[in-house]
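User: I would like a close, careful look at one part of this protein, set in the context of the whole chain. Please take the model shown here as the starting point.
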Amino acid sequence: MKLRLSLLTFFLLFVFVSTAQSIYKSGYFIDNSGKRTECLVKKMPWETNPTEFEWKKTISSSPKKENIEDIKEFGVGQDYIFKRFIMAFDLQGDTVGKSSKDKDPRLRLKKVFLRLILKSEATLYQYSKNDVHRFFYTDRKFAYPELLVYKTYYVPDLEEDVGEKVIPKENTQFRDQLAQSLKCKNQDPSEVEYTLKDLKKYFKDYNECRGAKIAYMVKTRFNQSKIGIIGTLDFVSFSHPSELNPTETLIYDDILAPRYGIYLETFIPFFGVDLSFFLESTYRSFSTKHTNFANPDAEGPELNFKSINVAFAPRFHLYLSSNFEVFFEGGLSVDQDLGTESIFNSIESTTLDYFYGGGFGAGRFKVGYRVYTDKNIAKREALSDALSESTLSTSSFFLTISLSKSNRNK
């Protein structure tokens with residue numbers, strides 16, 4: 001109970017630390033001269049396209065601010081890339097209550113950061129403000145973004161008294177634009193809605209149809225998963241009471257045992273904390289024995305342990321610089337026995353323990369250290385005098401290598 005309480009305290013502490021510090025995320029910006037600076041950018045909800053942002057060179061640096069006049073592009077992690085343009089568009093509401101009787105948009109020039117949604121032969125951008133969204137595109141004909149025209153408007157209902165009722169209408173000129181400039185084979189723009197989901201899918205299908213490489217595409221946080229390989233060096237100790245004298249403990253030789261396998265890590269969309277969950281599967285095998293120092297030639301009991309280990313845990317990320325992070329983790333570890341041989345009459349087919357740890361990450365690599373809780377692998381048998389107590393202790397260094405490519409263009 002005390003150990004579990006300590007683990008809970010440990011994680012609550014690091015959730016607090018993560019919330020306080022991880023609002024800065026790996027990013028970059030490009031100034032008017034074309035100079036690119038790798039840095040940490042303060043995370044924001046970005047519900048409205050920004051005109052400025054805050055950044056640090058490292059987590060301990062003093063914060064600085066940049067604005068749209070001096071910066072032509074900046075990025076935050078793999079989630080957001082903003083590019084500066086001077087665009088003509090309107091922001092009259094997309095609901096009847098905030099729209100007008102005019103079918104055509106009232107275009108006004110503004111200097112804005114457009115969010116990059118998909119980059120390829122045909123590229124898609126988005127601008128959002130006050131829950132109104134406008135989309136822009138470039139293709140082989142337009143090197144500078146063009147507005148995909150959409151507007152909600154209304155007309156009076158002539159069957160009612162003037163002002164009593166209106167009929168909502170939509171200007172869906174964007175579908176004609178797609179049909180004329182961005183249609184490949186059997187694509188049907190008439191079915192496309194003026195939403196991020198529909199337009200992203202349409203542009204993705206169009207570029208793939210033309211055989212164009214997609215250099216960047218916004219993914220939901222739930223889809224930002226990484227798969228990779230993991231190698232571990234376990235520090236293992238094992239002991240159990242003596243069969244002849246239950247008050248005596250037989251301590252086996254401490255060993256170093258390699259372990260290897262694969263993992264899947266998925267990021268979860270929380271604004272205050274950079275949080276992911278990982279699922280890990282490794283093959284675990286080692287041998288150790290008890291050495292009788294009073295009689296070294298005597299054959300002592302041996303343990304030949306084999307299992308598939310599955311670990312599941314959350315991982316909190318703290319970015320110290322644009323390419324360097326620390327992380328903290330803790331969760332459940334399960335061993336499924338694969339035919340362990342030992343002095344015991346029988347071994348538990350499935351054993352559970354807990355672990356916690358942390359480490360450092362740079363690019364595709366992470367290095368860390370974990371401590372596991374002790375566990376008993378011997379099967380307890382009712383009404384039996386057979387040996388059924390043991391203590392297996394493990395701690396480990398590990399290295400992970402992500403096989404997934406970064407979603408952010410350089």
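How many helices and strands does the secondary structure of the protein come to? Within that, please look closely at strand S8: are its residues buried or exposed, and which residue of S9 is the bridge partner of Tyr127?

Analyst: This is a predicted model, in which local features need pLDDT of at least 70 and side-chain atom pairs count only at pLDDT 80 or more, while totals for chains, interfaces and linings use all residues. Residues are numbered from 1 along each chain as its sequence is written, and side-chain values use heavy atoms, with hydrogens and water left out.

The secondary structure comes to three helices and 22 strands, where helices (H or I, at least four residues) and strands (E, at least two) are DSSP runs numbered from the N terminus. Of the 410 residues in the protein, 47% are buried, a term that stands for under 20% relative accessible area, with exposed meaning over 50% and partly exposed the range in between (1.4 Å probe, protein chains only).

Strand S8 covers residues 123-129, and six of its seven residues are buried, so the strand is largely enclosed by the rest of the structure. On one side of the sequence, strand S7 (residues 108-119) pairs with S8 in the antiparallel sense over three bridges; two strands count as paired if DSSP finds at least two bridges between them. Arg115 stands opposite Gln126 of S8, and a hairpin of three residues joins S7 to S8. On the other side, S8 pairs with strand S9 (residues 132-138), again in the antiparallel sense, over seven bridges, and Arg134 of S9 is the bridge partner of Tyr127. S8 and S9 form a hairpin with two residues between them, and Asn130 in that turn has a positive phi of about 55 degrees.

The surroundings of S8 also include a salt bridge, that is, a side-chain nitrogen of Lys or Arg within 4 Å of a carboxyl oxygen of Asp or Glu. The side chains of Arg210 and Glu121 meet in such a pair at 2.5 Å, N to O. Glu121 lies in the loop between S7 and S8 and Arg210 in the loop between H3 and strand S13 (216-217), so this pair ties together parts that are 89 residues apart in sequence. Both ends are partly exposed, Arg210 at 37% relative accessibility and Glu121 at 26%.

Strand S7, the partner of S8, has a salt bridge as well: the side chains of Lys111 and Glu69 meet at 3.0 Å, N to O. This pair links distant parts of the chain, with Lys111 in S7 and Glu69 in the loop between strand S4 (64-67) and strand S5 (71-76), 42 residues apart. Lys111 is partly exposed at 36%, and Glu69 is also partly exposed, at 45%.

Helix H3 brings in a covalent link too. Cys184 and Cys209 form a disulfide, with their sulfur atoms 1.9 Å apart, the rule being a pair of cysteine sulfur atoms within 2.5 Å. Cys184 sits in the loop between helix H2 (173-181) and helix H3 (196-209), whereas Cys209 is in helix H3, 25 residues apart from it. The link is left-handed, with -65 degrees about the S-S bond. Cys184 is buried at 11% relative accessible area, while Cys209 counts as partly exposed at 28%.
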